[in-house]
Amino acid sequence: MEIVSLFSGAGGLDLGLIQAGNKVVWANDIDKDAVATYRENIGNHIVCDDIRNIDVAAVPAVDVVVGGFPCQGFSQANRLRELDDDRNQLYKFFYQIIKAKQPNFFIAENVKGILSLGKGAAIRQIVADFEEAGYLTDIHLVNMADYGVPQTRQRVFIIGQKKSLGDEMLFHFPVATHSRDGVNKWISIRQAIGHFPDPDSEHNVPNHIYSAYKVTYRNFTGHRRTDPEKPSPTILARGNGKGGVCAIPHYNEKRRLTIRESASVQTFPEDFHFVGTMNSCYRQIGNAVPVLFAKKLGEELVRLGAIMKT
């Protein structure tokens, strides 16, 4: 499948789709460091600009559009009666691309909270919008640990399919491969990062540096103890680029995870190099879709692509 990627960031989603055999022909992100990372590791087909400056006509027509749009504008207060809220402009652009380009499929990723915003009003409006644009939609709440990612990361994926392809959803969402107590148990953080050398020793591992942000334990996101025998807590990001690093504590309880360790928890290849300040690199990783899960989505697109060519 040929793919357009919006809000691409450092390219976790795109890399997995490409690894599965798809081709991302056009991508966009506003973050210059993320774009530099993307170009170094994935390709030059990414445009660095505010998506609101992009002419819809300049975006290629493709088989699939993917992206994770921000959702701050979806609040109970505005009741989603219209898409004019400034904070909804990024979602509005994603919607406009889908409506104008009419790809056969789209994949949208978002945080778990989008399901409960406005007591469900946000997700109902999103589904209604895409229904009006000519799409069937499926909504899936996923725990990445269930797919072999060493992290208990919950995210929502909205799968869209053009109605002209039929009344039945052709896209088969990936089946979970791991579980907390099954035969294929969740992958622990120790399994994922235990082979890395001490970052304070002499080494040549790229991005293997860590924040000096003090490790203090309390029942708050980013400050809970990390159990080495369980998947990592969710790798975090400060999406607006403000504030300090929000890195997960290492299970040795002496420091935070390094950039490289965080990237491995997000299943980036170990030779994938992140560009920018420490804060920027942590943020790029925290905003990404785990590459391993993205590849599973990509494999389904490849299957569909083969069917549609016959």
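Here are some questions and answers about this predicted model.

Me: In what order do the seven strands of the open sheet sit?
Reply: The pairing in this open sheet is mixed. Going from one strand to the next, the twist averages 15°. Reading across, the order is β3-β2-β1-β4-β5-β7-β6.

Me: Which strands stand at the edges of that sheet?
Reply: Look for strands with a single partner, because one side of each is then left without a neighbour in the sheet. That fits residues 46–48 and residues 135–143. Those strands are β3 and β6.

Me: Over how many bridges do β1 and β2 pair, and in which sense?
Reply: Strand β1 covers residues 2–6, and strand β2 covers residues 23–29. Within this part of the sheet, Ser5 stands opposite Ala27 in β2. The two strands pair in the parallel sense, over four bridges.

Me: What angle does helix α2 make with β3?
Reply: Start with helix α1 (residues 12–19), which lies across β1, β2 and β4 and runs at about 145° to β4. Helix α2 is made of residues 32–41 and packs on the sheet too, touching β2 and β3. Its direction and that of β3 make an angle of about 160°.

Me: Is Asp50 buried or exposed?
Reply: Asp50 has a salt-bridge partner, Arg52, with the closest N and O atoms 3.0 Å apart. Its relative accessibility is 16%, and the cut-off for buried is under 20%. So Asp50 counts as buried.

Me: How many residues apart in sequence are the parts that Glu109 and Arg155 tie together?
Reply: The side chains of Glu109 and Arg155 meet in a salt bridge at 3.7 Å, N to O. Glu109 lies in strand β5 (residues 105–111) and Arg155 in strand β7 (residues 154–162). Both residues are buried. The pair therefore ties together parts of the chain that are apart in sequence by 46 residues.

Me: Where does Glu229 lie, and which residue does it form a salt bridge with?
Reply: Side chains of opposite charge can pair when their charged atoms come close. Here the closest N and O atoms of the two residues are 2.5 Å apart. Glu229 lies in the loop between α5 (189–193) and α6 (259–265), and its partner lies in helix α5, so the pair ties together parts 39 residues apart in sequence. That partner is Arg190.

Me: Is Arg190 buried, exposed or partly exposed?
Reply: Buried needs under 20% and exposed needs over 50%. Arg190 comes out at 39% relative accessibility. So Arg190 counts as partly exposed.

Notes: Residues are numbered from 1 along each chain as its sequence is written. This is a predicted model: local features need pLDDT of at least 70, side-chain atom pairs count only at pLDDT 80 or more; totals for chains, interfaces and linings use all residues. Side-chain values use heavy atoms; hydrogens and water are left out. Two strands pair if DSSP finds at least two bridges between them. Axes are lines fitted to C-alpha atoms, for helices over the stretch in contact, and angles run from 0 to 180 degrees between N-to-C directions. Contact means heavy atoms within 4.5 Å. A salt bridge is a side-chain nitrogen of Lys or Arg within 4 Å of a carboxyl oxygen of Asp or Glu. Buried means under 20% relative accessible area, exposed over 50%, partly exposed in between (1.4 Å probe, protein chains only).
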